[in-house]
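Hi everyone, thanks for coming. Let me put the model up on the screen, and then we can walk through it together.

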Amino acid sequence: MVNLSDLPIRDDLRGLEPYGAPQKPVRIALNVNENSHPIPEAVAQDIVESLAAAILTVNRYPDREFTELRESLARYLNPGLPADKALTADNLWAANGSNEVLQQILQAFGGPGRSVLAFPPTYSMHKILASGTGTRWIAGERDAGYEISPETVTRWIDETTPDLVFLCAPNNPTGTGVSLETIEAAYNATDGIVVVDEAYAEFAGDDEPSAITLLDGRPRLLVSRTMSKAFAFAGARVGYLAADPAVNDALRLVRLPYHLSALTQAAAVAALRHTPEMLAMVDDIRGQRDRLLVELPKLGYSVLPSSANFVLAGGFDDPNATFEALLQRDILVRDIGIEGHLRITAGTKAETTALLDALASLRPAT
Ligand SMILES: *Cc1c(COP(=O)(O)O)cnc(C)c1O
């Protein structure tokens, strides 16, 4: 038996801890921003039929180009775009979760000797992916209220000349949106790659347009999305990217051959055939998020505006104690290491009620 530290591991990985929220068997899991609503039974049946057909040919490697999936993703995104700016399959890329997409981006455009600028607090995987690919991480600073103004992003790019800029919109864990003006300013300030992580885009308001609307004429702008959150498909592992076709050619240089299994492709294509049913709960979830934004302050906690399916709540004297007390009530939330704060996913109505009742019992309103 040896320990990890006994192995000749890369120096820059020595002493690191693996990423991952605690996985605990609880009744109410509000810790990793999943969609709490299971997918509708009828949709599940149709996906199973597609999987049943796909399994009959798994003796062969899958379509390396996942063409049908890329076409389906273009069809999904295009209603949000003017007809003359419509995306085609050539603009789309997919992988096993948007985390893999982001890793491929860093493999192709980052790496040793290169750097990525990001704005903490933000999705912690961004830094870990930078580390895993040997890309130097530059931490920019946000404005008040966790906002990033066009001036701020420009100043940080001018001062640090990164090879890539990562923006998370809406941002995890704060829920803060990023304006299109800020994304345009970032693009104009750099010759490098600008990545907008839009994992939560479907939960944003109708007045908060996607960076996908900026893609036309901006070949260095990359917008990553996922089916893990709004689409209730976290367990299937499907993330995707909308970008210039040349970007996808770059990702073809670093992706593993046949990286998307035939089963993943079949399941995702089938789910996308049922987009309206799959997204039916998004409005409900937004409603529960807004309920958290109203009710948490009544219990004495501060909240930040959120465009996502979670709320960052502050005012916890001892976040870890509250985390444990909620866990005793079979409710799991996320301690993301911001002093005095916990991140809470908006679940079903019943789950949100249980969470609010539990918090009320822990700290009655004064
Ligand atoms: C949850 C999340 C993802 C999703 O990752 P997948 O690998 O697609 O499941 C990506 N970015 C952010 C900011 C997230 O919070």
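Let me start with a question: which side chain does D46 meet in a salt bridge? The partner is R273, and the N to O distance is 3.1 Å. By salt bridge I mean a side-chain nitrogen of Lys or Arg within 4 Å of a carboxyl oxygen of Asp or Glu. D46 sits in helix α1 (residues 41-55) and R273 in helix α8 (residues 262-273), so this pair ties together parts that are 227 residues apart in sequence. The structure holds 14 salt bridges.

A quick word on what you are looking at. This is a predicted model, where local features need pLDDT of at least 70 and side-chain atom pairs count only at pLDDT 80 or more, while totals for chains, interfaces and linings use all residues. Residues are numbered from 1 along each chain as its sequence is written, and side-chain values use heavy atoms, with hydrogens and water left out. As for my labels, helices (H or I, at least four residues) and strands (E, at least two) are DSSP runs, numbered from the N terminus.

Now, the domains. The chain is assigned a domain 1 (4-39 + 277-362) and a domain 2 (41-276), with bounds that come from an automatic or database domain assignment. Taken over C-alpha atoms, the two centres are 23 Å apart. Domain 1 brings 30 residues to the contact and domain 2 brings 37, where contact means heavy atoms within 4.5 Å.

How much area do domain 1 and domain 2 bury between them? About 2700 Å², with 59% of it on carbon and sulfur atoms. Buried area here is the accessible area (1.4 Å probe) that two parts lose on being put together, summed over both. On the domain 1 side, I39, M278 and S307 lose the most area to domain 2, together 25% of what that side buries.

What about polar links across that boundary? Between the domains there are 20 residue pairs in polar contact, both residues at pLDDT 80 or more. A polar contact is a pair of N or O atoms within 3.5 Å; within protein, one must be able to donate a hydrogen and the other to accept it, and residues adjacent in sequence count only if both atoms are side-chain atoms. The elements giving two or more residues to the domain 1 side are α9 (275-278), α10 and β10. Of these, α10 gives the most, with four residues. The salt bridge count between the domains is one.

Let's move on to the sheets. One is an open sheet of seven strands in the order β2-β8-β7-β6-β5-β3-β4, with mixed pairing; two strands pair if DSSP finds at least two bridges between them. At its edges stand β2 (92-95) and β4 (136-139), each with a single partner strand, so one side of each has no neighbour in the sheet. From one strand to the next, the twist averages 25°. Axes are lines fitted to C-alpha atoms, for helices over the stretch in contact, and angles run from 0 to 180 degrees between N-to-C directions.

Inside this sheet, β5 (residues 164-168) and β6 (residues 193-197) run parallel and are joined by five bridges. L167 stands opposite V196 in β6. Helix α5 (residues 150-160) lies across β3 (115-118), β4 and β5, at about 155° to β3.

The other one I want to show is an open sheet of three strands, ordered β9-β10-β12, with antiparallel pairing. Here β9 (302-303) and β12 (341-345) are the edge strands, each with a single partner, so one side of each is left without a neighbour in the sheet. Helix α10 (residues 282-298) packs on this sheet, touching β9, β10 and β12, and its direction makes about 15° with that of β10. Five bridges join β10 (residues 310-314) to β12, and L312 has R343 as its bridge partner there.

Before I stop, where are the backbone oddities? A cis peptide bond joins A169 and P170, with omega about -10°, and another joins N172 and P173, with omega about 15°. P170 is in the loop between β5 and α6 (180-189), and P173 also lies in the loop between β5 and α6. Finally, T161, in the loop between α5 and β5, has a positive phi near 35° in a residue other than glycine.
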